[in-house]
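Open the model in your viewer and keep the selection tool at hand. The stops below each say what to select and what is there.

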Amino acid sequence: MSNAPTQSNGLPEEALLQQAAAGELEALRQLDSMGFIMGPTEMPEAFAARIRTLKDNIAKMEKSLADTGKYEVEGVAVSAKDRISRKLFDEAAELDRSLYGFSIDWVPGFFIDPFFLFGGCAFAFYPEFFAMFIIRRSFRNQRKWFIYKRQELLAHELCHIARIALDSTLYEETFAYQVSPSPLRRLLGGLFLRATDSYMFLGVTFLLLFAQVLRVYWLPGLPIAPFWGLIAVTFSWLALRYVWLMRTLSGARKNASRLFGENAGKVLFRCTDSEVKAWAGFDTDEKARQWISQQDGVRWKVIAGDRG
């Protein structure tokens, strides 16, 4: 865990935020290790202000829990009695810290069962910063339910919260899935970049099932090949796009490894999609160093830090 001054809820104290707002690198690095990663255009003052907004929003949540025993966000109600203990977040912290150099214990979390097959998810809002985690009640006393593992689920969602200011789409799920113990999920977890990708694939799959029903009950002459072809085209497009993205990420990791060694993954985790692409194009260490030196503000001083 970070040695940053914190409140009892894991949030940084005002003294540390004042140091960060003044651009003090050590303060910014401590916040980074707590999962507060700076956005690409975020200056220290705005960065500190964002965390203060988070503290205010969490305080409002705590007041509602204290006054009424409940709090609602995006139509989902949570209760004070279903609070997730910080001990469970420590499980995820081990994964996130070893892989990406951060650990989060300041996100409020709650046990809830909103619908069937639900494992857990994070509510995170930016730039009006707030984050909250909900997880299935089954995980209160067991580490695994169905295909979900509690440690992996928490660590995965906390990766998204840490990267919220990066506005990433192309590599967001890929980075988060690297916490998985499953080689298959680590390899293919980033195949669907957006929710629309999942809906599209499910849509053509259900279209095939509907066509099969029509053939069985009403239209026995209905050709089924076009529906299989639609699935094949959709999956092929998703797969080819993913192969291209992974080739770019692999090149970026190779180039970053020359400067940062085993810390290359931690550096790339803090990169935007366009920065990952930039790293894939550095054919010499000198170009990479020159690029880092040309970045505005202190953000890359925080990212590179003592990782080189």
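Start with the loop between strand 1 (70-73) and strand 2 (76-79), and select Glu74, which is found there. This is a predicted model. Which sign does the phi of Glu74 have? The phi of Glu74 is positive, at about 55°, although Glu74 is not a glycine.

Next, go to the loop between strand 4 and strand 5 (130-135), where Pro127 lies. Select Tyr126 together with Pro127 and look at the peptide bond that runs from Tyr126 to Pro127. Is that bond cis or trans? It is cis, and its omega is near 5°.

**Two helix pairs**

Two packed helices are described by the angle between their axes and the distance between the axes. Select residues 14-21, which are helix 1, and residues 25-33, which are helix 2. These two helices pack at an angle of about 120°, and their axes are 7 Å apart. Helix 1 is therefore oblique to helix 2, since oblique covers angles that are not under 35 degrees, not over 145 and not from 65 to 115. The crossing of helix 1 and helix 2 is left-handed.

Now show the side chains between this pair. On the helix 1 side, select Leu16, Leu17, Gln19 and Ala20; they meet Ala27, Leu28, Gln30 and Leu31 in helix 2. Sorted by class, this contact has six nonpolar residues, two polar ones and no charged ones.

For the second pair, select helix 8 (195-217) and helix 9 (residues 225-260). At what angle do helix 8 and helix 9 cross? Their axes cross at roughly 165° and come within 9 Å. Helix 8 is therefore roughly antiparallel to helix 9, a term used for angles over 145 degrees. Helix 8 passes helix 9 in a left-handed crossing.

From helix 8, the residues that make the contact include Met200, Phe201, Val204, Leu207 and Leu208. From helix 9, they include Phe227, Trp228, Ile231, Phe235 and Trp237. By class, the contact of helix 8 with helix 9 has 13 nonpolar, three polar and two charged residues.

**Two pockets**

Rolling a probe the size of a water molecule over the atoms shows where empty space is left. Select His156, Glu157, His160, Glu173 and Tyr177: of the 36 residues that line the largest pocket, these lie nearest its centre. The volume of the largest pocket is about 1,400 Å³.

Colour the elements that give two or more residues to this lining, among them strand 4 (120-125), helix 6 (172-177) and helix 7 (183-188). Which helix gives the largest share of the lining? Helix 5 does, with six residues. By class, the lining of the largest pocket has 20 nonpolar, seven polar and nine charged residues.

The last stop is the second largest pocket, which holds about 240 Å³ of space. Among the residues to select in its lining are Glu26, Arg29, Asp32, Lys266, Asp306 and Arg307. Two elements give two or more residues to this lining: helix 2 and helix 13 (299-304). The largest share, four residues, comes from helix 2, the helix you selected earlier as the partner of helix 1. By class, the lining of the second largest pocket divides into two nonpolar, four polar and six charged residues.

How values were computed. Residues are numbered from 1 along each chain as its sequence is written. This is a predicted model: local features need pLDDT of at least 70, side-chain atom pairs count only at pLDDT 80 or more; totals for chains, interfaces and linings use all residues. Side-chain values use heavy atoms; hydrogens and water are left out. Axes are lines fitted to C-alpha atoms, for helices over the stretch in contact, and angles run from 0 to 180 degrees between N-to-C directions. A crossing is left-handed if the near helix is turned anticlockwise from the far one by less than a right angle, and right-handed if clockwise. Contact means heavy atoms within 4.5 Å. Ala, Val, Leu, Ile, Met, Phe, Trp, Tyr, Cys and Pro count as nonpolar, Asp, Glu, Lys and Arg as charged, and the others, Gly among them, as polar. On a 1 Å grid over the protein atoms alone, a cavity is a set of points where a 1.4 Å probe fits but cannot get out, and a pocket is an open set with protein on both sides within 12 Å along at least five of seven lines; lining residues have an atom within 4 Å of a point. Grid points are joined across faces, edges and corners, and a volume is the space filled by probe spheres set on the points.
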